[in-house]
Amino acid sequence: MNAQVQIDAEVRELSYAEAIREAMAIALESDPAVVLMGEDIGTYGGAFQVTGDLIDRFGPERVMDTPISELGGAGVAVGAALTGLKPIFEFQFSDFAALAMEQIVNQAAKLRYMLGGEAEVPVVFRMPSGSGTGAAAQHSQSFEAWFGHVPGLKVVQPSTPAEAKGLLLAALADPDPVIVFEHKLLYKMKGPVPAGHYITPIGKAAVVRPGQHVTIVASAIMVHRALEAALRLAKEGIEAEVIDLRTVRPLDRETIIASVKKTGKLLCVYEGVKTLGVGAEISALVAESEAFDYLDAPIQRLGGAEAPIPYNPDLERAAVPQSPDIERVARQLAKGEV
Amino acid sequence: MPTEVIMPKVDMDMASGKLAVWHVAEGETVKKGAALFDIETDKAAMEVEAPATGRLHHILAAPGETVDVGRPVAFIYAEGEAVGQSPAAAPVTAVEEKPAAVAVPPVVAAQVIGPDSADLRATPVARRLAREGGLELASITGTGPRGRIQRADVEAAVARAKPGPVVELARPVVEVPKPVAVVAPAAPITWEAQPGDLNVTTRKGSGVPLVLIHGFAADSYGWRPLEEALPKDQALIRIDLPSHGRSPLRRVDGFADLAKQLVQVFDRVAEGPVHLLGHSLGGGLALALADIRPRQVKTLSLIAPAGLGPEIDGAALNGIARAGSVDSLAPWLKRLTARPDGISHDFAKAAMLARLDPALREAQQELAAVLFPDGVQAFDLTAALSRIAMPTLMIWGRDDHILPWRQALAAPGEVALHLLRSVGHVPHIEDPETVAALIGRHIRG
Amino acid sequence: MMRDTTENIPFAISQFSPAQLREALRKMHLIRLFEEGAEESYMRGLIHGTMHLSIGQEASAVATCMELTDADKITSTHRGHGHCIAKGADVGRMFAEFFGKETGYCHGRGGSMHIADVKTGNLGANGIVGGGLPIAVGAALTAKRLGRDDVTVCFFGDGANNEGAFHEALNMAAIWKLPVIFVCENNKYGMSTAAAYATAVPNIADRAVAYSMPGVTVDGNDFSAVAEALHEAIARARAGEGPSLVENLTYRWRGHSKSDRNRYRTKDEIEEWMTRDPIARFRAELIAHGVLGEAEADAVEVEAKDAVAAGIEFARQSPTPAVTEVTKFVHAEVAA
């Protein structure tokens, strides 16, 4: 593990949500330019209780409830970032970012470029995303590929509490707009989190399980499903290498290519709709790279169904890759059956 | 200083504009803001207003003329200002734009490797290991899905081929075979004659058909522009010469042999008397045909026919016959026309597409050597031209760089001769309307 | 003729020094001549892409920015050349940007529609109608949060007042009492659609009532009237009393962009508005009130003309960006 650098502080068990809150508290304490903005993030504590009690500690001037105005609110965050603040803007659900595409895609992502490098927009957009909560089609989507398609944005997807904190602090330190996709099913997940300030670098993937028979590239909750699958495969003698992507844009080409050159087999697992998704990009970059000559099987993808996220729990599970799906395809790849 | 009136850019993608009409005549007065002239664009007509008040002088563009954006079209002189020479002589000097200096990384050309055993299924790593191990993929049995050769299959094959210590496959164990060349080899390809009849295509229509014989290194496709200009109901019979178009590759001893081969196909396709049209080498062959089968030919039309003098641009013929790419073909094709832009890139591409087969190019080079040894027309048809009696029309471009038009002067007085200005060796492509009109009149008598 | 009684002295004449007024006239000429120069360069094929000219709207741009300092911000629109010059930009670098040159304000990456000069507080023109509205509110939020007394002026057109962003932005500026002045340049048409047709209220300033802020409609071609309205709004903003909405009624002489055929308005209407030339009017006012003499007023125009000619020459001689640097400025340069 390369990312959690300089950890000499104590390590506690925190939930993913607590880790994010801790990162925000550190930022608010250490930098007066940091403000939190979003709907119901104040007294209510945020739709997923991520901001929690921060309003009590930092006051309503720095933990600002916005009206239900996603476009306007995102735009205010962009304007504030452009002029010297470092806003962290929370969307209640990543789905609602569709209302603010104008400000995120046309303004935040492009301002530095349009102005020839004379301006910067150090804004962070936090977006609770993903399915599994029974919230159906408009509250369960995975938009990583949407935003990953926009030059000028950086897009991260933490999979653990420690990463959630480290990537959020990295996003805050970044002079450009960063979108943080937080998986809703992970908010309550507990894990070791170092105290104090540290950074998980943006643009760097992590090999979270080494193996030589097949490479599984996954992100967010899919990392955990891939690790479960890898554990079962290991009992059959199949060693899967699991890569936690962490950052969707910019992609960590080197880590992926090095792994595929070793295993010769690639499985991409992602929750967003399969077609034109993150896995499509990873497949293409491997096919274009020197790793091509090391491939010993067609590249495989497991992505979201070509349908909105359904309400019925069985349908909902079927709409996104699950651990047994990953196990099955990884086994076929490893055995040369694909 | 008079005020310059320019062709304005009125559309984002506009590079030049066609001046449609002047609303103010030379010497007349005009008020700033009044309509001065109209521009015709492909979208709409646009009115251009006078940029100043005064008298209009030095109109440089007549209605219908196309002018580049930013170029002057006239000048407006203030009342009382002396009208001098047209100031248009001083053109707008373009400032040379130098990009800011930045180190450009060298472009590394991707190595192109020919397909190996294209029908086989093999994974990329299996292909690479086989290549590095000097093994033929065809000799390896694939155990993967649908018989795909996988890494393990190649490793097993290598182990069988090299008993003894286990070979580490990450490194090549045998000298890597030389990559297959993708550039046409310099050494001549020995081509083989093909069986079959010459290719004949027809366009159905009414009346007496017109038989078309194309020139050297061309094919029936080259008649397209003329066909479109001819009456739509004109029946056509097109013949592809040996080793041209879709006809088989054939060896030819000389012009007489070629004419004989053509008579065979002519006898097969011409059911009654026909009108006959040939271009260049095809013109010479048409003339020979008319001489051999006078009763089968109602009228004869010759476009820049071969055989009427010794001179010919042998370099161009060989260049065209030899060219292996659009880039090497295009410059030679340019010699065919009076204007260097007479042949479009698309035309050159289409022409090259028909010439992709190296054997065909080889056969044509051989044919050129037989018919035009040392760049000379080795056959003389002036006697044939004086013998024939059917109505004969000859069309020649005055700017023909391949066959000089003066060779037309060999024709007897009965032959109708048309020398076209600003036209080169391919009048039927450069000015199909005029050629179609002349031929139309000729064959209708 | 106006008589120089105290009551008849226009606000601007009494508020600003002769030097400030002379400079205002120079900037108005500079805007007009800059845009005419840009138009001519476009017609000569030296400028790529389209542009939106504000000829006829110069008083609105200059009078609005009269009391702003470099610390104050503006957000601008696609019709933003005037705002940029009024805020203090250099026409040479602006021309260079229009010509796509490396020396342009945006290093050739932005062009007419994204012209900006961050150093003089211009946060940039915007290709999206209403795009600058929330951004201006954000800039005002920064000033308030950091305890600075600078204000943000948000230029927008009549078309933007029907965008959702307008309503969200005004509401947030009002609830947080932010130092922002929303300046609507109502030039009667959003592209071809008349504001009178597209907007449910007679005056766009009437919208202010819904957001509990003052709203005023003024003759946008009357320099002094605009300056007076902004004076009050800026004072209110600096005093921490919150946002205002000012509507400048004006008119663009040219079409929406270079591809406009002017089918939606009559020549008579255009000519009628051209008789209300804001520059001629301001110049006459300055002469009538003895701020400038005829000769001095002429000299101001010549000064502007020279600056435009020099600007075009600078732009022509400037280098173009290297094509290998197409991705430069997408992100901050990372020290390797």
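1. A good place to start in this predicted model is the meeting of chains A and C: 35 residues of chain A are in contact with 34 residues of chain C. On the chain C side, two elements give two or more residues each, namely α6 (132-145) and α7 (164-175) of chain C. The biggest contribution is that of α6(C), with nine residues. Sorted by class, the chain C side that touches chain A holds 20 nonpolar, ten polar and four charged residues.

2. Next, have a look at one helix pair that spans these two chains. The axes of α3(A) and α7(C) are 8 Å apart, and the helices pack at an angle of about 65°. Their crossing is right-handed. From α3(A), the residues that make the contact are A:Leu71, A:Gly72, A:Gly75 and A:Val76, and from α7(C) they are C:Gly164, C:Ala165, C:Glu168, C:Ala169 and C:Met172. By class, this contact of α3(A) with α7(C) has five nonpolar residues, three polar and one charged.

3. Chain B also meets chain A. Here ten residues of chain A and ten residues of chain B take part in the contact. The side of chain A that touches chain B is made of five nonpolar, two polar and three charged residues.

4. Now for the interior. In soluble globular proteins, nonpolar side chains tend to be buried together. The largest nonpolar core in this model has 238 residues, and those that touch the most other members are A:Ile216, A:Ala330, C:Val137, C:Val180 and C:Ile181. Helix α2 (residues 18-43) of chain C provides the largest share of this core, eleven residues. Another core, of 76 residues, lies apart from it and includes B:Phe255, B:Leu277, B:Ala290 and B:Met394.

5. What surrounds C:Val180? Leaving out residues up to four places away in sequence, C:Val180 touches C:Ala136, C:Val137, C:Ala140, C:Val151, C:Thr152, C:Cys154, C:Ala173, C:Ala237 and C:Pro243. C:Val137 is in that list, and C:Val137 is also named among the core residues that touch the most other members.

6. Some overall figures for chains A and C may help you find your way. Chain A has 338 residues, 58% of them buried, and its secondary structure consists of twelve helices and 14 strands. For chain C, 56% of the 336 residues count as buried, and there are twelve helices and seven strands. Among contacts between residues at least 6 apart in sequence, those joining residues at least 24 apart make up 80% in chain A and 75% in chain C.

7. Helix α4 (residues 101-108) of chain A is worth a closer look. Its buried residues are A:Gln103, A:Ile104, A:Gln107 and A:Ala108. They line one face of the helix, because they fall within an arc of 115° when seen down the axis of α4(A). The cover over the buried residues of α4(A) includes α3 (70-82), α5 (111-114) and β5 (124-129) of chain A, along with α6 of chain C.

8. Further along chain A is helix α9 (residues 253-263), where A:Thr255, A:Ile256, A:Ile257, A:Ser259, A:Val260 and A:Thr263 are buried. These buried residues of α9(A) pack against β9 (206-209), β10 (214-218), β11 (240-244), β13 (266-273) and α10 (278-288) of chain A. After α9(A) comes A:Gly264, which has a positive phi, near 75°.

9. Is A:Met37 buried or exposed? A:Met37 has 23 C-beta neighbours inside 10 Å, so this residue counts as buried. A:Met37 sits in strand β2 (residues 34-38) of chain A. Neighbours within four places in sequence aside, its contacts are A:Met64, A:Thr66, A:Gly73, A:Ala77, A:Pro87 and A:Phe89. One of these, A:Thr66, is 29 residues apart from A:Met37 along the chain, and their C-alpha atoms are separated by 6.4 Å.

10. For a residue in chain B, try B:Met352, which belongs to helix α8 (residues 345-353) of chain B. B:Met352 has 18 other C-beta atoms within 10 Å, so this methionine is partly exposed. Its contacts, leaving aside neighbours within four places in sequence, are B:Ser325, B:Val326 and B:Leu329. The C-alpha atom of B:Met352 is separated by 7.7 Å from that of B:Gly324, and the two residues are 28 apart along the chain.

How values were computed: Residues numbered from 1 in each chain as written. Chains lettered and ligands numbered in written order. Predicted model: local features only at pLDDT ≥ 70, side-chain atom pairs only at ≥ 80, totals over all residues. Contact = placed C-beta atoms within 7 Å. Nonpolar A, V, L, I, M, F, W, Y, C, P; charged D, E, K, R; others polar. Helix = DSSP H or I, 4+ residues; strand = E, 2+ residues; numbered from the N terminus. Core = buried A, V, L, I, M, F, W, Y, C linked by C-beta atoms within 7 Å. Buried ≥ 20, exposed ≤ 12 C-beta atoms within 10 Å, placed from the backbone. Arc of directions from axis to C-beta. Axes fitted to C-alpha atoms, helices over the stretch in contact; angles between N-to-C directions. Left-handed = near helix turned anticlockwise from the far one by under 90°.
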